[in-house]
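Colleague: Before we talk, could you put the model up on the screen? I would like to ask how each label is earned.

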Amino acid sequence: MLVDIVVVVVLALAVAGGLGFWIRRAASCGRTIDAPAGELGRVFWGGVMCRYLITSGNLARLEVFDWGVRIRGTVVSRWIVPTWEARYAELAIAELVSLRWSRLGVWFRLREDAGGMAFLSYHSNEILPLLEDRGVPVNRSLAQIRRVEDLYHASGEG
């Protein structure tokens, strides 16, 4: 009986520790700015891809504002999907990327800061013209990557 309790407690601590570690790593992909309220233009549902996190399904949303873009988790997934924001002027390029077995994503690469965030969606071809209309350079050629880390090396980081 005592052994069973000890095993359950040890397993619970291991799960809690692992989950905490995973959440901290995912949060390191986040980026928030002092964004104005702005007018929300469009919302797209999808997933995210960054150095320490890839989600499937519709756990994230891309919000397109008049000042820039915000990627964040849905009500259910805000505890794991980090918020990532950028003004249009901060974006060096938005380009199509895909892992071998994933949906297409729009990789948002920053001008000054290496790295970025990808938004995975079936609507990538609707997102790119919206960015282009705001002066963001767009690359519609699909970059097939073998692993997420490749995106960071391409941007000069790591």
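**Labels and their cut-offs**

Colleague: Why is Arg-61 called buried?

Modeller: Arg-61 has 15% relative accessibility, so it counts as buried; the term means under 20% relative accessible area, with exposed over 50% and partly exposed in between, using a 1.4 Å probe and protein chains only. Please keep in mind that this is a predicted model, in which local features need pLDDT of at least 70 and side-chain atom pairs count only at pLDDT 80 or more, while totals for chains, interfaces and linings use all residues. Residues are numbered from 1 along each chain as its sequence is written, and side-chain values use heavy atoms, leaving out hydrogens and water.

Colleague: What makes Arg-61 and Glu-63 a salt bridge?

Modeller: Their closest N and O atoms are 2.8 Å apart. A salt bridge needs a side-chain nitrogen of Lys or Arg within 4 Å of a carboxyl oxygen of Asp or Glu, so the pair qualifies. Glu-63 is buried, with a relative accessible area of 2%.

Colleague: What else does Glu-63 bind to in this way, and how do you know?

Modeller: Arg-72 also forms a salt bridge with Glu-63, with the closest N and O atoms 2.7 Å apart. Arg-72 has 22% relative accessibility, so it counts as partly exposed. Arg-61, Glu-63, Arg-70, Arg-72 and Glu-85 are linked in a network of salt bridges, and the structure holds 8 salt bridges.

Colleague: What makes the salt bridge of Arg-42 and Glu-126 a link between distant parts of the chain?

Modeller: Their side chains meet at 3.2 Å, N to O. Arg-42 is in strand S1 (residues 40-50) and Glu-126 in helix H2 (residues 124-133), 84 residues apart. Helices (H or I, at least four residues) and strands (E, at least two) are DSSP runs, numbered from the N terminus. Arg-42 is partly exposed at 36% relative accessibility, and Glu-126 is partly exposed at 37%.

Colleague: How many aromatic pairs are there, and why is Phe-65 with Trp-67 called stacked?

Modeller: There are 2 aromatic pairs. The ring centres of Phe-65 and Trp-67 are 5.0 Å apart and the planes are at 15°, so this pair is stacked. By definition, rings of Phe, Tyr and Trp (its six-membered ring) pair if their centres lie within 6.5 Å; planes under 30 degrees apart count as stacked, over 60 as edge-to-face and the rest as tilted. Both Phe-65 and Trp-67 are buried.

Colleague: Why, then, is the pair of Trp-84 and Phe-108 called tilted?

Modeller: The centres of these two rings are 6.0 Å apart and their planes are at 35°, so the pair is tilted. Trp-84 lies in strand S5 (residues 84-87) and Phe-108 in strand S7 (residues 105-110), so the pair ties together parts that are 24 residues apart in sequence. Trp-84 and Phe-108 are buried.

Colleague: Which residues touch the most other members of the largest nonpolar core?

Modeller: They are Met-49, Leu-62, Trp-84, Phe-108 and Leu-131, out of 38 residues. A nonpolar core is a set of buried Ala, Val, Leu, Ile, Met, Phe, Trp, Tyr and Cys residues joined through side-chain atoms within 4.5 Å.

Colleague: And how do you know that Leu-59 is partly exposed?

Modeller: Its relative accessibility is 32%, so Leu-59 falls between the two limits. Leu-59 sits in the loop between strand S2 (53-54) and strand S3 (60-65). Its C-alpha atom is separated by 5.8 Å from that of Gly-73, 14 residues apart along the chain.
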